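Work through the exercises below with the sequence and the 3D structure at hand. Try each task before reading its solution.

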Amino acid sequence: NFLEEDNHTLADLMAFYKASKKCFDDDKEFNVEAHKFVVQLQSGDERCLKIWKKICGLSSQGFNEIYRRLDATIEECGESFYNPYISPLLEELEQRGIVTEDGGAKVIFIEKSPIPLIVRKRDGGIGYDSTDVAAIYYRLNILRSDRLIYITDSGQEFHFHLIEQAAKRAGWLDEKLHRVDHMGFGVILGPDGKKFKTRSGETVKLADLLDEAKSKAKERIVERMGGNEEGKDTGSKLSEAEIDHAAEVMGIACVKYFDLKQNRVSAYSFAYDKMLDPKGNTGIYLLYAYARIQNIIKKSGKTSEDITKLSHEHVAKIEDPSERKLGIALLKFPETIEAILEDLMLNRLTDFLYELCGIFNEFYKKCRVVGDPKEVDRLIMCEATRLVMKKCFDLLGMNTLDRI
């Protein structure tokens, strides 16, 4: 009655999936029937399509809420998006001798690879190999992309190497015009060094992780407002609504930063306490530093726009060693971005941002800003630091807070 009933939820889908996966693994008859239904779906069977569309609709509700919280914009092109391209492409590649038959399946052999890409299974079905071949064709020939970056776990690197080589064989990919990179990442471990799971052994859901991060961030904010020295220069006196908003921004920013600061190809251990440590290399430490700069500017009675205008009219004199050190740190930003564009190691940016915040805090301790004869010079330094930090936050997908 799945099609007729309208009260199904995402939780129902998860329950259906777990039950069907168990049957798929334990019941040979169910396994065979499941494969048949996949082929029917791929062939456009009306009833299968209706069920699939309803499942996609329910799934999208959950995904879209996650995307909203992450402030992520997604242009959705799932596997089914490429289905119309698969058969015409395989027919063309077969005519050109690139797709050949092997044991009843249609395959693409890749030089020096012990296994081929299976682009049409013996039962007529299609899989990841078929979809990814169609996808790389679409991206190179229709979107006219000059660089493709595949972001998956590191275990899939060889698969995407084969896809790249198939595109070269087909003449779609020209190394002089195109670049293809695989941006692989490692697994997330729990504090015990094992795969990150709940206490009951379930996979941790991202929505639950974000909720927990927000809850713990809220605890930190309330503690600090109760007298913690850390927040004295960040302009903190927040209403309940402001606390809730700050906790949402801070919790999610900290999750993103904790993930992106890791060497992406290595496994790492996830821990909420480490993620929300206000004195370590964490998102919360960086957000405090940013809020501190905003508060300095506010105390000066000027706006960022005022200081930008001053910087066009006034050449800042850099004399104190702390000023010089901060200026040199800011100048490293462009080369950091260039390095990331080359090797796709985003932890370069988090390292730069953390180092910059430490240098700024040192500058702030040693160099009085508001009320000093060099106030204008130092406000310009503060605003330059704020602008670079904001750009880093934007690139890392982290929202900021003017007050914490």
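The exercises that follow concern a predicted model.

**Exercise 1. The whole protein**

Task: State how many helices and strands there are in the protein, and what percentage of its residues is buried.

Solution:
- Step 1. The protein has 15 helices and seven strands.
- Step 2. Of its 404 residues, 41% are buried.
- Step 3. For the extent, take the C-alpha trace, which spans about 80 × 50 × 35 Å along its principal axes.
- Step 4. The accessible surface comes to about 23200 Å², and 52% of that belongs to carbon and sulfur atoms.

**Exercise 2. A three-stranded sheet**

Task: Give the order of the strands in the open sheet that contains β1, and say which strands stand at its edges.

Solution:
- Step 1. The order is β1-β2-β3, with antiparallel pairing.
- Step 2. β1 (100-102) and β3 (117-120) each have a single partner strand, so one side of each has no neighbour in the sheet, and these two are the edges.
- Step 3. On average, neighbouring strands of this sheet are turned by 50° against each other, direction ignored.
- Step 4. Strand β2 (residues 105-108) pairs with β3 over three bridges. K106, for instance, has R120 in β3 as its bridge partner.
- Step 5. Helix α5 (residues 128-142) packs on the sheet and touches β2 and β3. The direction of α5 makes about 90° with that of β3.

**Exercise 3. Cysteines**

Task: Find how many disulfides there are, and explain why C23 is not bonded to C48.

Solution:
- Step 1. A disulfide requires two cysteine sulfur atoms within 2.5 Å.
- Step 2. The cysteine sulfur closest to that of C23 is in C48, 17 Å away, which is too far for a bond.
- Step 3. C382 is in no disulfide either, as the nearest cysteine sulfur, in C367, is 9.5 Å away.
- Step 4. The count of disulfides is zero.
- Step 5. As for exposure, C23 is partly exposed at 34% relative accessibility, whereas C382 is buried at 0%.

**Exercise 4. The surroundings of T282**

Task: Decide whether T282 is buried or exposed, and list residues that T282 touches.

Solution:
- Step 1. T282 is in the loop between α9 (272-275) and α10 (283-299).
- Step 2. Its relative accessible area is 2%. Buried means under 20%, so T282 is buried.
- Step 3. Leaving out residues up to four places away in sequence, T282 touches Y257, K274, M275 and D277.
- Step 4. With D277 there is a polar contact: a polar atom of the T282 side chain lies 2.5 Å from the backbone oxygen of D277.

Notes: Residues are numbered from 1 along each chain as its sequence is written. This is a predicted model: local features need pLDDT of at least 70, side-chain atom pairs count only at pLDDT 80 or more; totals for chains, interfaces and linings use all residues. Side-chain values use heavy atoms; hydrogens and water are left out. Helices (H or I, at least four residues) and strands (E, at least two) are DSSP runs, numbered from the N terminus. Buried means under 20% relative accessible area, exposed over 50%, partly exposed in between (1.4 Å probe, protein chains only). A polar contact is a pair of N or O atoms within 3.5 Å; within protein, one must be able to donate a hydrogen and the other to accept it, and residues adjacent in sequence count only if both atoms are side-chain atoms. Contact means heavy atoms within 4.5 Å. Two strands pair if DSSP finds at least two bridges between them. Axes are lines fitted to C-alpha atoms, for helices over the stretch in contact, and angles run from 0 to 180 degrees between N-to-C directions. Accessible areas come from the Shrake-Rupley method with a 1.4 Å probe; for residues, only the protein chains shown count as cover.
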